[in-house]
Amino acid sequence: MKIPAQGFTHAGKFHADDVFSTALLRIVRPDIQITRGFEVPENFDGIVYDIGGGMFDHHFEPRPIRPNGVPYAAFGLLWQLLGTQLVGANQARLMDENFIQPLDLNDNTGEKDSLADAIGAFNPRWDEPDRGDEPFWEAVAVAQNILEKRIGEAQAVNRADDLVRNAYDRMQDGIVILPCYAPWKNALYRTDALFVVYPSQRGGWAAQAVTDRRTKKSKIPFPAAWAGQNGEDLAQRSGIPGLRFCHASRFMVTGAEKADVIEACRRAMRAAKR
């Protein structure tokens, strides 16, 4: 959908719903001009939301409801239309589940939500002088900053997925080697990968065990004797001189060289077969 140059939403007390809806529209179309009022002008030529009874107003029956039972508010309805073009279908779905649905639920049912409360706090107090729409636009600026960060985060996951999938195509013996650190769990969640190796952001190299999607536990944890060990103690127990650290939960090791952590993965696999 092409967003028109004009938008209209309700005046008076604002909520996270109309504030984030406005922020989303400004992200998709930065030059959009939003007007607030209590009645939609006759023959208004633009997008109307959270008022007016149209496709982006959730206040009338039959109300739009998600398959999981969470009712849509204006923000969710707009995201349903615009989210995929911003972050792709999968990330749009995840953002709806994790970020947008709680705000929609708050607007429809009053269920507590800390972000919605924070946005609502921009409304003027009962004994403060009227500043017109200024508090609304202050709230929109904050909401837009948050939403842009969340969108950027989702786009970064998409880029990471591409990098990790390319590395997965070159996987050997269940070990995926990344050229740099990147969020990898989303891309490998449903694969047969066992370990991920990558340059550590703290120097040296790291290896992590891939989690089983059913049990939520490491498919192959590092040996129990290594758990919580570091330095010379770990090197002696593992027989790998360059190994530096093994997490107490046995899902991660670090080492000086790539070969050290790859060897740690191979020894963990051999130990699991015994």
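Two strands pair if DSSP finds at least two bridges between them. With that in mind, the tour of this predicted model may begin at a pair of strands.

**Stop 1: the five-stranded sheet**

Select tryptophan 205 and glycine 255. Tryptophan 205 stands opposite glycine 255, which belongs to β8. The two strands concerned are β6, residues 205–209, and β8, residues 252–255; four bridges join them, and they run antiparallel.

Now widen the selection to the whole sheet. Five strands make up this open sheet, in the order β4-β5-β6-β8-β7, and their pairing is mixed. At its edges are β4 (175–177) and β7 (243–246), each of which pairs on one side only. Neighbouring strands here are turned against each other by 20 degrees on average, direction ignored.

Next, add residues 258–273. This is helix α8, which lies across β4, β5 (195–199), β6, β7 and β8. Relative to β5, helix α8 runs at about 170 degrees.

Before leaving this part, select aspartate 173, in the loop between α5 and β4. Its phi is near 55 degrees, a positive value in a residue other than glycine. Is aspartate 173 buried or exposed? Aspartate 173 counts as exposed, because its relative accessibility is 55% and the cut-off for exposed is over 50%.

**Stop 2: the three-stranded sheet**

Move to residues 6–10, which form strand β1; five bridges join β1 to β2, and the two run parallel. A further two bridges pair β1 with β3, also in the parallel sense. Together the three strands form an open sheet in the order β2-β1-β3, with parallel pairing. Strands β2 (33–37) and β3 stand at the edges with a single partner strand each, so one side of each is left without a neighbour in the sheet.

Select glycine 7 to see the links on either hand. Its bridge partner in β2 is isoleucine 34, and in β3 it is isoleucine 47.

How many of the five residues of β1 are buried? Four of them are, so the strand is largely enclosed by the rest of the structure. Histidine 10, for its part, stands opposite glycine 37 in β2. From β1 the chain crosses through α1 to β2, and this β-α-β crossover is right-handed.

Continue along the chain to asparagine 43, in the loop between β2 and β3. Asparagine 43 is not a glycine, yet it has a positive phi of about 60 degrees. This residue is exposed, with a relative accessible area of 71%.

**Stop 3: the loop between β3 and α2**

Select histidine 58, whose place is in the loop between β3 (47–48) and α2. With a relative accessible area of 2%, histidine 58 is buried. Display its side chain together with those of two aspartates. A polar contact of 3.2 Å joins histidine 58 to aspartate 17, and another, of 3.1 Å, joins histidine 58 to aspartate 50. Residues that histidine 58 touches, leaving aside those up to four places away in sequence, include Arg63, Tyr72, Leu77, Asp107 and Asn108.

In the loop between β3 and α2, select proline 62 as well. A cis peptide bond joins glutamate 61 to proline 62, with omega at about -5 degrees.

**Stop 4: helix α3**

Finish with residues 89–109, helix α3, and centre the view on isoleucine 100. A kink of about 50 degrees lies at isoleucine 100, shortly before proline 102.

Colour the buried residues of α3; among them are Gln91, Met95, Phe99, Ile100, Leu103, Leu105 and Asn108. The buried residues of this helix pack against α1 (16–28), α2 (74–87), α4 (114–120), α5 (134–168) and α6 (185–188).

Select proline 102, which lies in helix α3. At 30% relative accessibility, proline 102 counts as partly exposed. Leaving aside residues up to four places away in sequence, proline 102 touches Glu97 and Asp113. Measure from its C-alpha atom to that of leucine 115, 13 residues apart along the chain: the separation is 9.2 Å.

The final selection is glycine 110, just after α3, which takes a positive phi of about 80 degrees.

How values were computed: Residues are numbered from 1 along each chain as its sequence is written. This is a predicted model: local features need pLDDT of at least 70, side-chain atom pairs count only at pLDDT 80 or more; totals for chains, interfaces and linings use all residues. Side-chain values use heavy atoms; hydrogens and water are left out. The bend at a residue is the angle between axes fitted to the seven residues ending there and the seven starting there. Buried means under 20% relative accessible area, exposed over 50%, partly exposed in between (1.4 Å probe, protein chains only). Contact means heavy atoms within 4.5 Å. A polar contact is a pair of N or O atoms within 3.5 Å; within protein, one must be able to donate a hydrogen and the other to accept it, and residues adjacent in sequence count only if both atoms are side-chain atoms. Axes are lines fitted to C-alpha atoms, for helices over the stretch in contact, and angles run from 0 to 180 degrees between N-to-C directions. A crossover is right-handed if, with the strands pointing away from the viewer, the path from the first strand over the helix to the second runs clockwise.
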